[in-house]
Amino acid sequence: MGAVLWLVGVLAVGVAGVYAASAVLSPRGVAGSGPFLSGAWPREHAMSRFHVRWYAVTLVFLAFDMEMVFMYPWAVVVAEVGAMAVVEMFAFLGLLLVGVLYAWREGAFRWA
Amino acid sequence: MDEGTGAAAVSLVVSLAVLAYGAAALDAGLGGARGAAGAPLREAARLLVQGRRRTLVPDTLLVRTGTVLLPLAALLAATVLPAGDRPVLDSGVGIVWFNAMEVCVWGALWLVGWGVNSVYPLIGGYRFLAQGLSYELPHMFALITVALGAGSLRIADVVAAQREVWFVVWMPVAFVVYLVSALAMAFWGPMGEPVGRNVAGGVPAELSGADRLVFAAGRYALLVVVAAAAVPLFLGGGAGPVLPGWAWTAVKTVAVLGGLVLVGQRVPAVRMDRFTEFAWVVLIPLTLLQTLVVAIVVLP
Amino acid sequence: MGVREWLLRQAALRPRPLVVGCPYGTRARLLVEAEADRRGWVAAAAPAEAGLLVVCGAAGSEIGQAVEVVWEAVPAPRVLVEAASDASAGAVRRALDDAVAELAAGGLDGGARHGDAGRPVAMAGRGRDRDGLTLDRLHVPLGPVLADWPAGLVVETVLQGDVIQEAVVRAASAGADGVSFWDPPRRDETDRDETDRDETERREAARCLDSLGRLLAVAGWPGAAREARRLRDRLLAGAAPAGLRRDCERFARRVRRSRVLRWMLRGVGPVEGRAGVPERLRGDALDRAYGWLDTLPSPLPDDPAPATQNGGSRHDGDPGGAGACGGGQRVDRVVGADGADGVVLGLLAGLLVGAESAVARLIVASLDPDLDRLPASAAVRRG
């Protein structure tokens, strides 16, 4: 773990070095400008409630993602536990895939 | 830290820097620049003398956090990969660690995209989230297949398990899926829509100077790390005749990295409104099938 | 101090130009793009990454204002280059040389600029979306200053997320009068001969390559986009037809072979075959791209003698230079006479509403209207 901290330290020094060099070498001051809008000035701030059209996909994703957490330890013990572990896991995955199939039929993955 | 770990840490930093520079130079060369070997240096010089700028009421803290998080995530993900003859962090859950660090990129890109208060970076940031929802599950199934084949989440065990047969031989689907998700993780080439030209450069569109330099370096570091991870996971790590282990690791890493950079110039961008369906309906069942095959093989 | 000067000199060798196309500035844009490519410069897509702002043609008041706003956003060291519509290749080269020298000397140090003083910006307002949800709306104009975008085109959009809810399509006012670069200068109608026809075909093929370059760039395929633009420049320079025909064919084959391109362009921006809609606009973005590929010169197996080049007055890649390189497919109509560019402007708003950002760019690039061919009174379309 000490080596990892050392690496993070090296990166911190490196990034600080880049910013310091930039501060010395670049023109003084920070130029203010509008965001790029093809040459127009913005009428409203871009930070807004974004219309996330793939909302349904996020929900299906969450279901699977929770499942993944169980799959990591499962992968380690399959050889010990034997066939039952495989059957149980893939029965569970099969159920989830039925959910995916339903979501697909409902057009959740065609969000454009 | 003991001497071996220290050497691994130094070798990790050096090889990451060298490979990231090489990838940038190769990309510049393929992109038609003459004098490509010096192109990344010139670009770095250009960004160092370039003036700093800020858009209208940005959230600077978020932007800086996201920008620095990019190289940090790449570096931390790399700690579990063998640099030289051993990894810096010989963790028993190395694969999970790699996965966790790589997911930090989701946050990094979204923070930058949101924080600069400009519409194109905002769209880029959300594009990456949609991309994450598409590539992440096939990617994780590919990683789990590897762990299943080795019976361990420790990367050194994964390498040891490939002494007889490389995983790429009997897990070809997982390998291909891994490469696709590697492109997506590093938002590179065909998976580069979050930084696409059609949204004026996307997430980093409003970054200049040091910010842009750190962002670009982080992206190349990320590309190197995802390419390097393919070697211990699928390509037998340092295994090979004649040459020492570290040399084989280097050769294989350069080959995978070169392939990813080449694909970046050769393949059009993939939009998530079409890829999402493909990922969920084709890639996920396919990788699960691969996992099932491997699970049956490893049964006693 | 020496380090900064050295770094500035290094940086000036590879500046990133943001190229702004103005009405009747096509010729200048082509010269600038060719020269930038020759120098190995990578084009910028946004002012923040640019060091050079290159305005091609006469900006006029509206685009001039847009250029001013964008110029404000370019970080120092920066140089503004204006390439006149009738600039020669030599003049463009000199202008870029001067710009490099100026950048190496530190460019225009803007110092601390405070562009945001005094201009109010509101939080996003809300409106109903296509699914009946009430969501934040952003007003985002596309053009006139945008990479890989038709010169002078402006699409005022209202976005929710990255989906276009409303679109108003119009042409920015031109700063000068002129004719489209893609309509070749013709001699007297009674005096038309084979050379004129070859010239028409050559221009048409070059125009298709220019559009393909744009479409492929927007489609995120930089390698193919660069190849299209290089072929375009060679075609306009009247380079040796035999080799060029072969290269064009190889390029066309490469683009047609791409499955990912097919996957991504199929069904994008469908135009129905109604009366008044020219044949070449019909179908989806992929059909239109393949249609462009069809107009490229192809090798002539039954014609071993290379087409004669007329005249030796070919000066350093000037796109105005004459050269013979006929199309594989005979183009008998006068280019632009089918009024396609005006029709596109009418169709565009309807196609863009409901499209997301990437698809919208693909739709525009696949139709690629040449606004220089429109009658002086520019149309405004709402959708």
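Begin by selecting strand E1 (residues 30–32) of chain A together with strand E1 (residues 52–54) of chain B, which run parallel and are joined by three bridges. Within this pairing, Gly32(A) stands opposite Arg54(B). Keep in mind, here and at every later stop, that you are looking at a predicted model. The predictor's confidence in chain A is lowest in this very strand E1(A), with a mean pLDDT of 80, whereas helix H1 (residues 2–25) of chain A has the highest value, 94. For chain A as a whole the average pLDDT is 89, and 99% of the residues score at least 70. The complex itself is given an ipTM of 0.92 and a pTM of 0.91 by the predictor.

**Where chain B touches chain A**

Now widen the selection to the contact between these two chains, in which 60 residues of chain B are in contact with 53 residues of chain A. On the side of chain B that touches chain A, the elements that each supply at least two residues include helix H1 (3–30), helix H2 (39–49), strand E1 (52–54) and helix H9 (209–234) of chain B. If you colour that side of chain B by class, you will find 42 nonpolar, twelve polar and six charged residues.

**A covered helix in chain B**

Select H2(B) next, and look at how it is surrounded: nine of its eleven residues are buried, and the helix is mostly covered. The buried residues include Ala39(B), Pro40(B), Leu47(B), Leu48(B) and Val49(B), but also Arg42(B), Glu43(B) and Arg46(B). What lies over them? The cover includes H1 of chain A, H1 and H9 of chain B, and H1 of chain C.

**A tryptophan in chain A**

Move to Trp111(A), which is placed in the segment after helix H3 (83–105) of chain A. Is this residue buried or partly exposed? Trp111(A) counts as partly exposed because it has 17 C-beta neighbours inside 10 Å, while a buried residue needs 20 or more. Leaving out residues up to four places away in sequence, Trp111(A) touches Arg53(A), Trp54(A) and Val57(A), and also Asp273(B). If you draw a distance from the C-alpha atom of Trp111(A) to that of Tyr19(A), which is 92 residues away along the chain, you should read 41 Å.

**The nonpolar core**

For the next stop, select Leu223(B), Val224(B) and Ile363(C), which touch the most other members of the largest nonpolar core, a set of 262 residues. Centre the view on Leu223(B), and, beyond its neighbours within four places in sequence, you will find it in contact with Ala23(B), Ala186(B), Trp188(B), Leu257(B) and Leu260(B).

**Where chain C touches chain B**

Turn then to the contact between chains C and B, which takes 43 residues from chain C and 42 residues from chain B. Among the elements of chain C that each supply at least two residues here are helix H1 (2–13), strand E5 (134–142), helix H5 (194–218) and helix H11 (357–367). The most is given by H1(C), with six residues. By class, this side of chain C has 25 nonpolar, eight polar and ten charged residues.

**Inside chain C**

Show the whole of chain C, which has eleven helices and eight strands, and in which 52% of the 383 residues count as buried. Then select strand E1 (residues 17–21) of chain C, where five of the five residues are buried. In a regular strand the side chains alternate between the two faces of the sheet. Here, Pro17(C), Val19(C) and Gly21(C) are buried on one side, and Leu18(C) and Val20(C) are buried on the other. Add strand E2 (residues 52–56) of chain C, which pairs with E1(C) in the parallel sense over five bridges. In this pair, Val19(C) stands opposite Val54(C). Follow the chain from E1(C) through helix H2 (residues 26–38) of chain C to E2(C), and you will trace a left-handed β-α-β crossover.

**A careful last look**

Finally, colour chain C by pLDDT: the mean is 82, and 79% of the residues reach 70 or more. Confidence in chain C is highest in H8(C), at a mean of 96, and lowest in strand E8 (residues 380–382), at 51. Select residues 110–118 of chain C, where pLDDT stays under 50 and the model has 22 contacts beyond four places in sequence. Residues 303–335 of chain C also have a pLDDT below 50, and this stretch has 70 contacts in the model beyond near neighbours in sequence.

Key
Residues are numbered from 1 along each chain as its sequence is written. Chains are lettered from A and ligands numbered from 1 in the order in which they are written. A residue is buried if 20 or more other C-beta atoms lie within 10 Å of its own, exposed if 12 or fewer, and partly exposed in between; C-beta atoms are placed from the backbone. Helices (H or I, at least four residues) and strands (E, at least two) are DSSP runs, numbered from the N terminus. Two strands pair if DSSP finds at least two bridges between them. A crossover is right-handed if, with the strands pointing away from the viewer, the path from the first strand over the helix to the second runs clockwise. pLDDT is the predictor's confidence in each residue, from 0 to 100. Two residues are in contact if their C-beta atoms, placed from the backbone, lie within 7 Å. Ala, Val, Leu, Ile, Met, Phe, Trp, Tyr, Cys and Pro count as nonpolar, Asp, Glu, Lys and Arg as charged, and the others, Gly among them, as polar. A nonpolar core is a set of buried Ala, Val, Leu, Ile, Met, Phe, Trp, Tyr and Cys residues joined through C-beta atoms within 7 Å.
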